[in-house]
Amino acid sequence: MGDMETEKTDGAVEIARGVYWVGAIDWNGRDFHGFTTPGGTTYNSYLVVGEKTALIDTVKAPFAGEMLRRITQIIDPSKLDYIVVNHMELDHAGSLAELKKQTDAKIFITKRGVDILNGYFRGLGSENWDLEVVQTGDELDLGGKTLMFLEATMLHWPDSMETFLKEDRILFSNDGFGQHIATSKRYDFEVGDVIPDAAEYYANILMPFHMPLLRFMGVLDKMGVDPLQIAPSHGIIWKQDLKKILEAYRAWANGEVNEKVLVIYDTMWGSTEIMATEIAEAVRAAGVEVKLLNLRKNTRNHIMKEMLDAAAFAVGSPTLNNGLFPTVGDFLVYLKGLRPQKKKAVAFGSYGWGGGAVKTVEKELKDTGIEVLEPGLQIRYRPYEKELERCRKLGEQLAAVAKEQ
Ligand SMILES: Cc1cc2nc3c(=O)[nH]c(=O)nc-3n(C[C@H](O)[C@H](O)[C@H](O)COP(=O)(O)O)c2cc1C
Ligand SMILES: [Fe+2]
Ligand SMILES: [Fe+2]
């Protein structure tokens, strides 16, 4: 196979001798369980052909036909020997029932995976499927191709696993190292820089699991897993940028941040926006990178991508009926689930009479484990020069915090 070119085999793509991408491209997918995907996504499955054959992961159920057509280019699906289930979430396991109608292939899966498999496929025949429970270090010899299993517990589900093809040194990393992009290309060097897409994926899917991730990276070292290709189940395969993505994952897992501040807000009549703009301008004037993010103009997942390497942020909400503006509430709920590390934050907003939003933002941030710079800034109705001066002070404080990192 030429290094700079993806060899095509009628729809299946050979990524090493006897190893094929047989996944599906979701060109029109625009929402992945709440993750806005303007560029679509892919569900990657891989067929490994030794003396025996193994399929690593399947695709989301509506794409079963597309996957089966690709498999058929290489082998008769009814002759498939094994299926490796790295992860039971339905974007990867959703086609199992369809596939099992055509093959008796034995399934290799983690113990926790069996529980989820029965959770989803009980009644669709899973009680009769031939399963083998595997754990870290177990190997499956296909004859000329050896698969080694690596449990990746909580990356990002209890059952998650990755599989290493020893001879070709390909790590089938499932959701790890994924990106939500749809492309007819299969390799990083064919599409340009995909690290930002991987960052957005990491921030929204893997951010809460930095401890399991660091542990897993230790397991890779211990088991001598030194891949030449990392083939995730979403997006492109890492080859040229393999070291770069591993470095990026290490930095993200360690919570490394840059001199960068976010000002995240919504507004009804523009006052909180005037405050946000003034805060952002003061951060910029202090020589620190700043991003102004209106919650109705930016997706949650875009904001979390920006959050990944931000040292500090401000959250602004007007008071609506004694409390938060709904988009701010939505964002804070989402943020709490993702538990970003090593960040400092401050609350601000405009109110009319009793107020309430700023206190609620502060409480939510504290509950998320974020260090809150007190006190938050509340102003009545529209900010004038005195209030704008307080906004600038707050911006300077955020810039100073970012510079300390
Ligand atoms: C529907 C609605 C409900 C409001 N409820 C409250 C409230 O319960 N308490 C309060 O202090 N202000 C309340 N306000 C006043 C706003 O907080 C005030 O107008 C503020 O300046 C709006 O900031 P903004 O321009 O950033 O939207 C309410 C305003 C609207 C439009
Ligand atoms: Fe998943
Ligand atoms: Fe996935």
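A polar contact here is a pair of N or O atoms within 3.5 Å. Keep that cut-off at hand for the first stop. The model is predicted.

**Stop 1: ligand 1**

Select ligand 1 and T272. A polar side-chain atom of T272 sits 2.6 Å from an oxygen atom of the ligand. Now add T267. Its side chain also offers a polar atom, 2.7 Å from an oxygen of ligand 1. Next, show the backbone of N322. There, a polar backbone atom lies 2.6 Å from an oxygen atom of ligand 1.

How much of ligand 1 does the protein bury? Taken alone, the ligand exposes 640 Å², and the protein buries 84% of that. Colour α9 (271–285) and β21 (344–351) to see the elements that give two or more residues to the shell around ligand 1.

Widen the selection to the full set of neighbours. There are 18 residues around ligand 1, and M268, T272, N322, S350 and G355 come nearest.

**Stop 2: residues 261–399**

Select residues 261–399. An unreviewed UniProt entry places the feature "domain: Flavodoxin-like" here. Switch to cartoon view. The span is 45% helix and 23% strand. Then pick the C-alpha atoms at its two ends: they lie 7 Å apart.

**Stop 3: the iron ions**

Move to ligand 2, an iron ion. Which residues donate to it? Show H87 (NE2), E89 (OE), H156 (NE2) and D175 (OD) as sticks; these protein donors lie 2.0 to 2.3 Å from the ion. Check the angles among the four donor atoms. They run from 88 to 173 degrees, and the site is irregular. Why irregular? Four donors count as tetrahedral only if all angles lie between 85 and 135 degrees, and the range at ligand 2 reaches 173 degrees.

Follow the donors along the chain. Their spacing reads H-x1-E-x66-H-x18-D. H87 lies in the loop between β10 (82–84) and α2 (90–93), and D175 in the loop between β16 (170–174) and α5 (188–191), so the pair ties together parts that are 88 residues apart in sequence.

Turn on a surface and look for both residues. H87 is buried, with a relative accessible area of 0%. D175 counts as buried too, at 1% relative accessibility.

Now add ligand 3, another iron ion. The two ions are 3.5 Å apart, and D175 coordinates both.

**Stop 4: S173**

Stay in this part of the chain and select S173. Where is it placed? S173 is in strand β16. Is S173 buried or exposed? It is buried, with a relative accessible area of 1%. Draw a distance from its side chain to G176. A polar atom of the S173 side chain lies 2.8 Å from the backbone oxygen of G176.

**Stop 5: Q102**

Select Q102. This residue lies in the loop between α3 (96–100) and β11 (106–109). Q102 is partly exposed, with a relative accessible area of 36%. Add L68, which is 34 residues away along the chain. The C-alpha atoms of Q102 and L68 are separated by 9.8 Å.

**Stop 6: P212**

Finish at P212, in helix α7 (residues 210–222). P212 is buried, with a relative accessible area of 15%. Then select A282 and draw a line between the two C-alpha atoms. P212 and A282 are 38 Å apart in space and 70 residues apart in sequence.

Note on methods. Residues are numbered from 1 along each chain as its sequence is written. Chains are lettered from A and ligands numbered from 1 in the order in which they are written. This is a predicted model: local features need pLDDT of at least 70, side-chain atom pairs count only at pLDDT 80 or more; totals for chains, interfaces and linings use all residues. Side-chain values use heavy atoms; hydrogens and water are left out. Donors are N, O and S atoms within 2.8 Å of the metal (3.2 Å for Na, K and Ca); water is not among the atoms, so sites may look incomplete. Four donors count as tetrahedral if all angles lie between 85 and 135 degrees; four count as square planar and six as octahedral if opposite donors are over 155 degrees apart and all others between 65 and 115; anything else is irregular. Helices (H or I, at least four residues) and strands (E, at least two) are DSSP runs, numbered from the N terminus. Buried means under 20% relative accessible area, exposed over 50%, partly exposed in between (1.4 Å probe, protein chains only). UniProt positions are given in the numbering used here, feature names are shortened, and annotations may be inferred rather than shown by experiment. A residue is near a molecule or strand if one of its heavy atoms lies within 4 Å of it. A polar contact is a pair of N or O atoms within 3.5 Å; within protein, one must be able to donate a hydrogen and the other to accept it, and residues adjacent in sequence count only if both atoms are side-chain atoms. Accessible areas come from the Shrake-Rupley method with a 1.4 Å probe; for residues, only the protein chains shown count as cover.
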